[in-house]
Amino acid sequence: VAVFTLVAAVGLYLRVRNSRRLISGGVALALCWAPVLFDVLSGGSNVSKIFAHFTGSGNNPAGLHTAFGIVALELNWNAPFLGAPEPANPAGGGLDPGQFRGMIAPLAIFAFAMLIAWWIKAKPALRLQGVVVLATVVGIVSVSRVTGDVFDYLVRWWWLIAAVGAASTAWSLWCGLRYWTSDWTAVRATRLAMVTAALAALLVLFVTVGTSSKVSSATLPADDWYASLSKVAPALTQIPADKPVLIQVEGPISGWVGDAMSARFTAAGYRVFVTEGGINEYKFGDFRISRSDGSDERGVWMVTGSRIDDFRADGRAKEISAFDPLTPAERVTSNALEKKLRAVYVAAGRQELVDGIDNGVSLYSDRPVPGLDDNDLKAYEAFRQRGVPLAMFVYDRADAHPPPRAT
């Protein structure tokens, strides 16, 4: 917003050479930002937090490597703004970076169009492409400061940059085509325009069919939990429905599983309750909040990650069903890596990374960790991105406490 407000103001001034033309825009700008200014003057901290977000080194920013990967995804030949799916990793739903080779053709055509616009002095088209370049640079910086995993809804504005980039490319190429055919007869020019329009229509049809087929083949809009839930959820009918069930969760990114299973249990005819606290009251309604001590409810625990081993070793709960995207040997290796990394992070006093293990998020950090083996981290992240194991355990009484975490 700050960058392009300045670009717009400078561009308008250079075009009309009259500062009075900026007054009306300045008044509108001041009115729009008046609530923010009031917040600052009344002691609010939103603006300072925004400033710290872009200038500080904390909060586990995504970093430039991830930012360039997101750019490669959004500016790909088969870009999401055209309807192509945005692949998400199965460990939390953050976007998977795109392949840089997919950017070669679009960027080459964009640069070629920009060269043509410069050569023939098509200044309006060239300026628009320049704005796209600036937007891309600003966008890369913005993405690099995103905290933790980069979810699709946080970078949806890349669709606009990609769309305007494609339009600016087409405009510059069209200007070049008109420039080099300006000495043709009117008939030839008309025929050329008709052929160009037909080719453009065929291109739009080709892209639309190609991307829509990919969208329709997706299992779900966000299907990172589909494989595990489809294996685990059907077994819920093994649980007696003679008394209510209290759905509880334990392990990395298990909250979403609890939400989904609450709906599945309800659809299957069970009386479902959830624990008090957080946003459960708003997600499920106050009437679903358990107010009892749990003695008259059956405890259903949706457990993910290495915590499954703790529940199995404890033996008090009955395991109803489970799913693991890794092979047994891979899971043993992954759990060993997790314990090793946890010990390193505890020794280094990096509690935020210990919490990252428990929450199932990326462990890459912009600050070095003493004693950390990068190969261990890369191997663990590769396992994590393939998904987390999921299991359903049942206690006869909902007041049973989960087993402690194994050290």
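Visitor: How many salt bridges does the structure hold?

Guide: This predicted model holds 18 salt bridges. Side chains of opposite charge can pair when their charged atoms come close.

Visitor: What makes lysine 283 and aspartate 259 a salt bridge?

Guide: Their closest N and O atoms are 2.9 Å apart. The cut-off is 4 Å between a side-chain nitrogen of Lys or Arg and a carboxyl oxygen of Asp or Glu, so the pair qualifies as a salt bridge.

Visitor: Which parts of the chain does this pair tie together?

Guide: Lysine 283 belongs to helix H11 (residues 280-284) and aspartate 259 to helix H10 (residues 255-267), so the bridge ties together parts 24 residues apart in sequence.

Visitor: Why is lysine 283 called partly exposed?

Guide: Its relative accessible area is 42%. Partly exposed residues fall between the limits of 20% and 50%, and therefore lysine 283 takes that name. Aspartate 259, at 25%, is partly exposed by that rule.

Visitor: How do you know that arginine 307 and aspartate 310 form a salt bridge?

Guide: The N to O distance between their side chains is 2.8 Å, and a salt bridge requires a distance within 4 Å. Both residues lie in helix H12, three residues apart, about one turn of the helix.

Visitor: Are arginine 307 and aspartate 310 buried or exposed?

Guide: Both arginine 307 and aspartate 310 are buried, which means that each has under 20% relative accessible area.

Visitor: What makes arginine 316 and aspartate 314 a salt bridge, and why is arginine 316 called partly exposed?

Guide: The closest N and O atoms of arginine 316 and aspartate 314 are 2.6 Å apart, within the 4 Å cut-off. Arginine 316 has 45% relative accessibility, and aspartate 314 has 28%. Partly exposed covers values between 20% and 50%, so both residues are counted as partly exposed.

Visitor: Which residues are linked in a network of salt bridges?

Guide: Such a network links Glu338, Arg342, Asp358 and Arg405.

Visitor: How many aromatic pairs are there, and why is the pair of phenylalanine 151 and tyrosine 153 called stacked?

Guide: The structure holds seven aromatic pairs. In the pair of phenylalanine 151 and tyrosine 153, the centres are 5.8 Å apart and the planes meet at 10 degrees. Pairing needs centres within 6.5 Å, and stacking needs planes under 30 degrees apart, so this pair is stacked.

Visitor: Why is the pair of tryptophan 301 and phenylalanine 311 called tilted?

Guide: The ring centres are 5.9 Å apart and the planes stand at 50 degrees. That angle is neither under 30 degrees nor over 60, so the pair is tilted. Tryptophan 301 is in strand E3 (residues 298-304) and phenylalanine 311 in helix H12 (residues 307-314). Both residues are buried, and with Phe393 they form one aromatic cluster.

Visitor: How do you know that tyrosine 153 is exposed?

Guide: Its relative accessible area is 56%. Exposed means over 50%, so tyrosine 153 is exposed.

Visitor: Why does alanine 62 count as buried?

Guide: Alanine 62 has 18% relative accessibility, and buried means under 20%, so alanine 62 counts as buried. This residue is found in the loop between H3 and helix H4 (64-74), and among the residues it touches are Val143 and Val150.

Notes:
Residues are numbered from 1 along each chain as its sequence is written. This is a predicted model: local features need pLDDT of at least 70, side-chain atom pairs count only at pLDDT 80 or more; totals for chains, interfaces and linings use all residues. Side-chain values use heavy atoms; hydrogens and water are left out. Rings of Phe, Tyr and Trp (its six-membered ring) pair if their centres lie within 6.5 Å; planes under 30 degrees apart count as stacked, over 60 as edge-to-face and the rest as tilted. Buried means under 20% relative accessible area, exposed over 50%, partly exposed in between (1.4 Å probe, protein chains only). Helices (H or I, at least four residues) and strands (E, at least two) are DSSP runs, numbered from the N terminus. Contact means heavy atoms within 4.5 Å. Lists of a residue's contacts leave out its neighbours within four places in sequence.
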